[in-house]
Amino acid sequence: MMMTTDGGEQSAPPDEKQLAEMGAFIAEMSKAGVLLATGGLDPHGTRITSSGGKVTVTDGPFTEAKEAVVGFALIEVRSKEEAIELSRRFWQIVGDGEGVIQQVFGPEDAPGA
């Protein structure tokens, strides 16, 4: 999963060129069967905490959070290097920012599967 984070800085909205480039990039990844899902996330969110059998719900924004995941792309690739290359291409389109790539484990990855 490739995630973009919000380091608390306000970024400019994408221009028409960036939108066109991103649309072409998404179409290419979709056609290749690499892109499984993509979307933006509300940076404020809702925090769910469970402790001692009690569940607490707290609405954001969370001032203690330095960054929040604000977008994601779920991709299926053969290697970490391929994921990094797709991320490089994404950042070449959108410009400055920060993100994280994390492997997603499915039921087939569970012990005993």
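**Exercise 1. Is Arg 78 buried, partly exposed or exposed, and what is its relative accessible area?**

Solution. The classes are set by relative accessible area: buried is under 20%, exposed is over 50%, and partly exposed lies in between, with a 1.4 Å probe and protein chains only. Arg 78 has a relative accessible area of 77% and is therefore exposed.

The model used throughout is predicted: local features need pLDDT of at least 70, side-chain atom pairs count only at pLDDT 80 or more, and totals for chains, interfaces and linings use all residues. Residues are numbered from 1 along each chain as its sequence is written, and side-chain values use heavy atoms, leaving out hydrogens and water.

**Exercise 2. State how the chain is arranged along its sequence.**

Solution. Helices (H or I, at least four residues) and strands (E, at least two) are DSSP runs, numbered from the N terminus. The chain contains two helices and six strands. Their order is β-α-β-β-β-β-α-β.

**Exercise 3. Identify the partners in the salt bridges and place them in the structure.**

Solution. The criterion is a side-chain nitrogen of Lys or Arg within 4 Å of a carboxyl oxygen of Asp or Glu. Three salt bridges satisfy it.

- Step 1. Arg 78 pairs with Glu 82, with the closest N and O atoms 3.7 Å apart. Glu 82 is partly exposed, at 22%.
- Step 2. Glu 21 pairs with Lys 17 at 3.6 Å between the closest N and O atoms. The two residues are four residues apart in helix α1 (residues 16-31), a separation of about one helical turn. Lys 17 is exposed at 58%, while Glu 21 is partly exposed at 31%.
- Step 3. Arg 89 and Glu 28 have their closest N and O atoms 2.8 Å apart. Because Arg 89 lies in helix α2 and Glu 28 in helix α1, this pair ties together parts that are 61 residues apart in sequence.

**Exercise 4. Classify the aromatic pair in the structure.**

Solution. Rings of Phe, Tyr and Trp (its six-membered ring) pair if their centres lie within 6.5 Å; planes under 30 degrees apart count as stacked, over 60 as edge-to-face and the rest as tilted. The structure holds one such pair. The centres of the Phe 90 and Trp 91 rings are 4.9 Å apart and the planes stand at 85 degrees, so the pair is edge-to-face. Phe 90 is buried at 18%, whereas Trp 91 is partly exposed at 22%.

**Exercise 5. Describe the surroundings of Ser 87.**

Solution. Ser 87 belongs to helix α2 (residues 80-94). Its relative accessibility of 14% makes Ser 87 buried. Leaving aside residues up to four places away in sequence, Ser 87 touches Met 2 and Ile 101, where contact means heavy atoms within 4.5 Å.
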